[in-house]
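Work through the exercises below with the sequence and the model at hand. Try each task before reading its solution.

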Amino acid sequence: MTKYKKAYVYKGFERFWHWNQALLIFILAFTGFEIHSSYSFLGFANAVKVHNLAAWGLIILIVFAIFWHFTTGEWKQYIPTTKNLKAQAEFYLFGIFRNAPHPTKKTVISKLNPLQRLVYLGLKILFIPVMVVSGLLYMFYRYPQGNNIEIINIGNLEVIAIVHTAGAFILLSFVLVHLYLITTGHTLTSNLKAMITGWEELEEEEIAAEEKKPEVPGKGEKKGVTGTNAPKWR
Amino acid sequence: MNKFTKPITFFLAIVAPLLIVTLVLRQPAPDNSLLDRVRAEHPERHKSAVDHSKFEVLQKDFTNPHEITAACLSCHTGRGEELLHSAHFNWEREAFIPGRGVTYLGKKNLLNNFCTGVQSNEGSCMKCHAGYGWSDTTFDFKNPYNIDCLICHDNTGTYKKASGGSGYPVMGPNGPDFKAITASVGFPKSENCGTCHFEGGGGNNVKHGDLELALLTAGRDVDVHMGVDGMNMECVDCHTAENHVMKGRYYGVSSTNTQRLHCEDCHTSVPHTESILNEHSIKVACQTCHIPVYAKVNATKMYWDWSTATRKKDGKGYETLDKDGNVLYASIKGDFVWEKFVKPEYLWFNGTADHHLITDRVDTTSAFIRLNTMNGDYSDRNSKIVPVKVHRGKQPYDTHNLTLIQAKLWDSEPGKGALWVDLDWEKSLEEGMKYVNLPYSGHYDFIDTEMYLPVNHMVSPKTNVVTCRECHTRDNGRLAGLTDFYMPGRDRNKFVDIAGQLMLLLSFLGAASHAALRYQAARKRNTTANH
C-alpha cells in the first residue's frame, strides 16, 4: 500500500498569487458582464470603475508572478509534455469512476499533470495575455485618435471589444471546470486544502526522492521545510 | 515563521482590496463654496465706462432713428463698418460648402420649416433685424445709418421695434423715450438678445426649445449658467464679440466650423476629476450629457404642418389653443405639436453643415427633405455626438419643378397674396416665387421636412446629467439611432454571446454529469465492498 507523507507543495507567494488572481478574475468577470449589460448590480459607472481597478490589480499581480516564476525556476512546471497525456485523459474519462490511481505522480518539482501543464500554459501565454492586451487597448484606444497619433490609431472599439468578450467567456468556462476539478484530488478536499495551507499529502517515495534535491533558494533546510511539524504559513 | 506574516497576508488579501474599492466608489463631497468663490471673482460685469447722459450729441429730440445711429457713430467711429460686415446685419455669410463652392447663405435667403423664409415677408420679419428699413430687395446694406444700435444696446428694456415696421421702432408720441434710452446704453443684456433669439419662429421658445424668456427669471435647475440663484450670467458672458462678430453658431443658417463657441473655452477639455469622463469628450460633446432635456419651462414647437392652413370657420380664420395657451391650430399657419421636457435626438457633428436651397431639387422618393444637414460620422476625427432638436414639418413644394417654395405670408394690406391676410395658398405661393424671381408651375403639394437645431443651452447642474446607462444600454438608449460605432453595454456580437453562453452551459453540464457519475460509481463500490 502506498504511504502518504505531507509535503510543502505551494509556497507562500504562490498561494497569495493564486487566490488574489482568483478574486480579481471573479471581480473582473462579474463587473465585466455588467458592463456588457448582461445584468445590473453595481450600476454601470461603478462597474466600470471596479473593473478598471481590478484590471490594474491583476496586471500588477501578473508582473510579480512572472518575476517569481523566472527567479524560482517554477516556470519549468508548465513545460508541456505528451508523456502520460493520454493516460491522464483516460483517467478523467474512465479511471476516476473505478477509483483508479492518478496516472501522474504529483511531486514538488512536478506539480502538474500533462493536461494541467497544457491548459495552464495556454492560459499564461495565450488567454491571459489576450485579455490584458485587449483590455489595455479598450482603456487606451482613444488616445492615439484623440491626439492624432496616426501610426497607432485603431479607430474602432468593435474588434477589441469582441475579442475581450470572447476571452471572458473562455476564462469563465475555465474557472467553472477548474472549480469542479478541485474535487478530483487524492480526496475530495485535498487539492483545496493544499492551495490554502501549502501542504499536501504526497506519495512517500516521491518525497524521499524530493528530499535529496536542494530546496528553492532561500528556503533551505535551516527552516525545516519538509516534515510534518513544519509551520503551515511561510 | 514570522508572527507578522498572518496579519500582513490578511491585510493584503482582504482588507486592502476592500479599502481600495471603497475609496474608488466614494463620492466626493460637493463643494458648495465654489459658487461663492466664482461670485467673488466676478463681482460686477460690463459696467459702462462712461456716463452717456452727459454727452451733448445725445441731448436731442430724435425724430428719426437713423439720427440716433448717426449720433452713436459720431463717437464710435469704425463700429458702423464692423456691423456692415456682420451676420447680424447682413443675414448671410460667405462660406465654402463642398459641392457648392463659395456660397452666401443666411436667413436672408435660406428656407426653414417654421415660417419658410424671410423673402417677400421682410416687412414683418425685419422686426428682428439689427437695422432700419429692410422692407424689400432695395435695402441698402452699405449704409451704416441703416444699422439699429439700440436693439442690442438699449439697457432700459423700453426700446421696441414696431410690428410690420421693417425694423423701425414706433416713433412719435407713442414711441419710447429715446433720451432715456441713449443715456443708458451699454453692453447687451440677455433681454436684448432674447428679443429675437427667444422668440424666433413666431413666439416664445417656438424655434429653439432651449432659448426662451424663462431663462431671464429661472433658477440653476433650468440653466446652470443663467440661473438667477447662481451666477446669473448674461448671453454675452459666453458669446463674446470682437469687432461686433459674436462667437457661437446656429447651424440652421451657418455652414462652417469657424467662430464657434465651445464649453471647453471656459471649462477646459479636462473638466472632470474622473479621466474616463474626460475621455468621452474625444467623441461626445459636453452638451450631450449635460443637457438631458430642453424646453424645461415652456413648451417648444416640434411639428408644424402647413398643409392644413387656410381652413375657415364661418368664413374666417381661427385658432385653437391647448390648456397652456399654445396654439394647436391656426388658419394662417396650420397644425402644431408642442412638447415640454423634450429629450434631444443625437447626431455626429463636425461643425460643418449644408442647406437645402430653394433652387435644389426635391427628392420625392425620400421620406423627408433635410432643410439643413449637419455633417459628421464616427470615423470623422472632428465629429462629436451633439444633441439636437429635430423640428419636423410639412411645407409646400412645386410638384412640377420639384423645388421647395417660398410662400408670401405677410403684407400690410389684403389682396397682395399674403397667406396670413388672404388665406389663399395659390396666390401666396405665386407671389412668393415671383418675389424671389424663380419659376413656379402653379402646381403644389406638401412634403415632409426636417430641420436640425443643435441644443446648447439649458445646461443642467452636474447633479442632473445623463447617466451612463441612458446610453450604455441594450435597447432604446439615447444613442440608439447612432449605429456606426461599437458602444459597450449597447452593442455585442450575437455569435460570440450565444457561443459563449453555450460554452458556459456545456462546461457546467459536463462538470455536473461527471460529478454525478463519480458519485454513482462511488456508491456502487461501497455497496459491493459492504457485501
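**Exercise 1: two residues with positive phi**

Ser37(A) sits in the loop that joins α1 (12–35) and α2 (44–72) of chain A; helices (H or I, at least four residues) and strands (E, at least two) are DSSP runs, numbered from the N terminus. The model is predicted: local features need pLDDT of at least 70, side-chain atom pairs count only at pLDDT 80 or more, and totals for chains, interfaces and linings use all residues. Residues are numbered from 1 along each chain as written, chains are lettered from A and ligands numbered from 1 in written order, and side-chain values use heavy atoms, without hydrogens and water.

Task: Is Ser37(A) buried or exposed?

Solution. Step 1: the phi of Ser37(A) is positive, near 65°, and the residue is not a glycine. Most residues other than glycine have a negative phi. Step 2: Ser37(A) has a relative accessible area of 15%. Buried means under 20%, exposed over 50%, and partly exposed in between (1.4 Å probe, protein chains only). Ser37(A) is therefore buried.

Task: Where is Asp314(B) found?

Solution. Step 1: Asp314(B) is in the loop between β5 (300–305) and β6 (319–321) of chain B. Step 2: its phi is positive, about 55°. Step 3: Asp314(B) is exposed, because its relative accessible area is 80%.

**Exercise 2: a salt bridge**

Task: Which residue of chain A forms a salt bridge with Glu274(B)?

Solution. Step 1: a salt bridge is a side-chain nitrogen of Lys or Arg within 4 Å of a carboxyl oxygen of Asp or Glu. Step 2: the partner is Lys49(A), with the closest N and O atoms 3.5 Å apart. Step 3: across the interface of chain B and chain A, two salt bridges are found.
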